[in-house]
Amino acid sequence: MEFAAFFDQAWAARVAISKGLGTTVAVSAVAICLGTILGVGVGLALTYGVRPLRWLARGYTDFIRGTPVLVLVFASYYVLGTVGLDLPPFEAGVLALTVFCSSHVGEIVRGALQAIPTGQTEAAKAIGLTFAQTFAYVLAPQALRQILPAWVNTAAEMVKASTLLSIIGVGELLLRIQELISRTFLSLDFYFFAGVLYFAVNYAIERFGRYVERRSALPT
Amino acid sequence: MSDYLLEICNLHKSFGAVEVLKGVDCLMRAGEVISVIGSSGSGKTTMLRCINMLEDFQDGSIRIDGEDIGYEVLGDARRRKKESEIARQRALTGMAFQQFNLFPHMSAIDNVMLGLVKAKRLTREAARAVAERWLDRVGLRDRAGHYPGQLSGGQQQRVAIARAIAMNPKLMLFDEVTSALDPELVSEVLQVIKGLAADGMSMLIVTHEMRFAYEVSTRVIFMNQGRIGEEGDPREMFNRPRTERLAEFLKSSPFTK
């Protein structure tokens, strides 16, 4: 009776599994938040920065986006240690995901801002708004609506990318599941179970995104 | 204090190597309604956009009520003014655009109120009162809560005009405001502008509507290849063009009602 065995084992390991799920959510949430803040800065630098700053931001996003997340994870865990910044696994993992997230958010922000017709800026200037006012009241609200779907997508990517932190020993969901499997040999069942949990987290993110999108949609 | 509301002196503007304005001079008194006509690429729109510094210009000067717009000239040196100063000067003029450029995420009344609250620093209540008055004036009081996406082109353009004029500018600039409209929506916008002209509002109107230019203007300027080709009383100009170029242009621009 394999199913019964699976349920027994899963129930017995419920604390470990929920802790793993909690770590996955925590790592993702922190990385998404910090990555978004940093990414907005990167996006602004890409769009409005003076030339050296823009080049710097361009180099950063291209380099990070062209690097596998796994390499970023190894780099922040092992390579930073060699230059004296010895981060524990959790912090190293959050750093890698934050950097990864910021490069994607940066591009999303740049794309959204550049997609706004120049007439919007001109109309704002024509009624005497300064650039800061134009940005705050005219550009940002329009860009935010544009950003939302892509940002939700990136958030879901971050949850999936967080599985890579199992390799440096962060006790997130996948690592906990692998530990269970090595004890119980119920690999198919537990991998499937893990898949269901990841799906649930990302489905919740996606539903939330849809909800915000609906709430902020402009009447036509 | 100057005799003139607007003084354009030897205005030069280039886009890269292409010189679009090759020395434009124009004097305008308060209360005048000047239509600017001419073929595409003659520099009409560019001249308008220089007046509120949507375009930088390389040489010459523009004054509104004696105040130098955009640049300070000290001896031989010419320096662009601070961005905050330019923002203030832009509010001396109001501008209506060909593509309306309403803010799509704001209702009609919020579009009109934004400049009043943020640039003029009126309270929201005071701004709302001004905005309601102008929306009423353009016949859209009952559309105050509508978003641009819910309005027709003609209605959007009227909101855009209300948004510009609510700022109480000294001079209104109209940049081909009916060119993007369906033919049956043109007249509702032109009626609004005629009403403003009747109020004595100073206006500079770039337009392709020849009959409208004829009826509403106190003076017409014909732009030709970056210069003023001819100017004068609308009746004189349309009936007895002095230059070959204007005669040709008028022949190819149907005088439709």
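**Exercise 1. Two sides of a helix**

Which exposed residues does the face of α9(B) turned away from its buried side carry? Find them, then work out how the buried side is arranged.

*Solution.* Keep in mind that you're looking at a predicted model.

Step 1: Start with the outward face. Turned away from the buried side of α9(B), you'll find the exposed residues B:Glu244, B:Lys251 and B:Ser252.

Step 2: Now pick out the buried residues. Helix α9 of chain B covers residues 244–252, and its buried residues are B:Leu246, B:Phe249 and B:Leu250.

Step 3: Check how they sit around the axis. They span an arc of only 95°, so they lie on the same side of α9(B). Here's the background: an α-helix has 3.6 residues a turn, so residues three or four places apart point the same way.

Step 4: See what the buried side packs against. Its partners in chain B are the strands β3 (33–37), β11 (219–224) and β12 (227–232), along with the helices α7 (210–216) and α8 (234–239).

**Exercise 2. Describe chain B as a whole**

Work out what chain B is built from, and decide how its radius of gyration fits the globule rule.

*Solution.* Step 1: Go through the elements. Chain B has nine helices and twelve strands.

Step 2: Compare the radius of gyration with the rule. Chain B comes out at 18 Å, close to the 18 Å that the globule rule gives for 257 residues, so chain B is as compact as a globular protein of that length.

Step 3: Add the box and the burial. Along the principal axes, the C-alpha atoms fill roughly 50 × 50 × 35 Å, and 54% of the 257 residues count as buried.

Step 4: Look at the surface and the charges. About 11200 Å² of chain B is accessible, with 46% of that belonging to carbon and sulfur atoms. The chain has 35 positive and 34 negative charges, and their mean positions are 3 Å apart.

**Exercise 3. Do the same for chain A**

Put together a matching profile for chain A.

*Solution.* Step 1: Elements again. Chain A has nine helices and zero strands.

Step 2: Box and burial. Taken along the principal axes, the C-alpha atoms fill a box of roughly 75 × 50 × 20 Å, and 45% of the 220 residues are buried.

Step 3: Surface. Chain A exposes about 11500 Å², and carbon and sulfur atoms supply 68% of it.

Step 4: Charges. The 16 positive and 13 negative side chains of chain A have centres that lie 11 Å apart.

Step 5: Contacts. Take those with a separation of 6 or more: 75% of them in chain A join residues 24 or more positions apart.

**Exercise 4. Two residues of chain A**

Is A:Thr23 buried or exposed? Answer that, then place A:Leu218 as well.

*Solution.* Step 1: Locate A:Thr23. You'll find A:Thr23 in helix α2 (residues 14–48) of chain A.

Step 2: Apply the cut-off. Buried means under 20% relative accessible area. A:Thr23 has 19%, so A:Thr23 is buried.

Step 3: List its contacts. Beyond neighbours within four places in sequence, A:Thr23 is in contact with A:Phe90, A:Val170, A:Gly171 and A:Glu172.

Step 4: Move on to A:Leu218, in the segment after α9 (187–216) of chain A. With a relative accessible area of 31%, A:Leu218 is partly exposed.

Step 5: Find what A:Leu218 touches. Not counting residues up to four places away in sequence, A:Leu218 touches A:Arg145 plus B:Pro104, B:His105 and B:Tyr147.

Note on methods
Residues are numbered from 1 along each chain as its sequence is written. Chains are lettered from A and ligands numbered from 1 in the order in which they are written. This is a predicted model: local features need pLDDT of at least 70, side-chain atom pairs count only at pLDDT 80 or more; totals for chains, interfaces and linings use all residues. Side-chain values use heavy atoms; hydrogens and water are left out. Helices (H or I, at least four residues) and strands (E, at least two) are DSSP runs, numbered from the N terminus. The radius of gyration is taken over C-alpha atoms; the globule rule is 2.2 Å times the number of residues to the power 0.38. Buried means under 20% relative accessible area, exposed over 50%, partly exposed in between (1.4 Å probe, protein chains only). Accessible areas come from the Shrake-Rupley method with a 1.4 Å probe; for residues, only the protein chains shown count as cover. Lys and Arg count as positive and Asp and Glu as negative; His and the chain ends are not counted. The place of a charge is taken as NZ of Lys, CZ of Arg, CG of Asp or CD of Glu. Contact means heavy atoms within 4.5 Å. The arc is that of the directions from the helix axis to the C-beta atoms.
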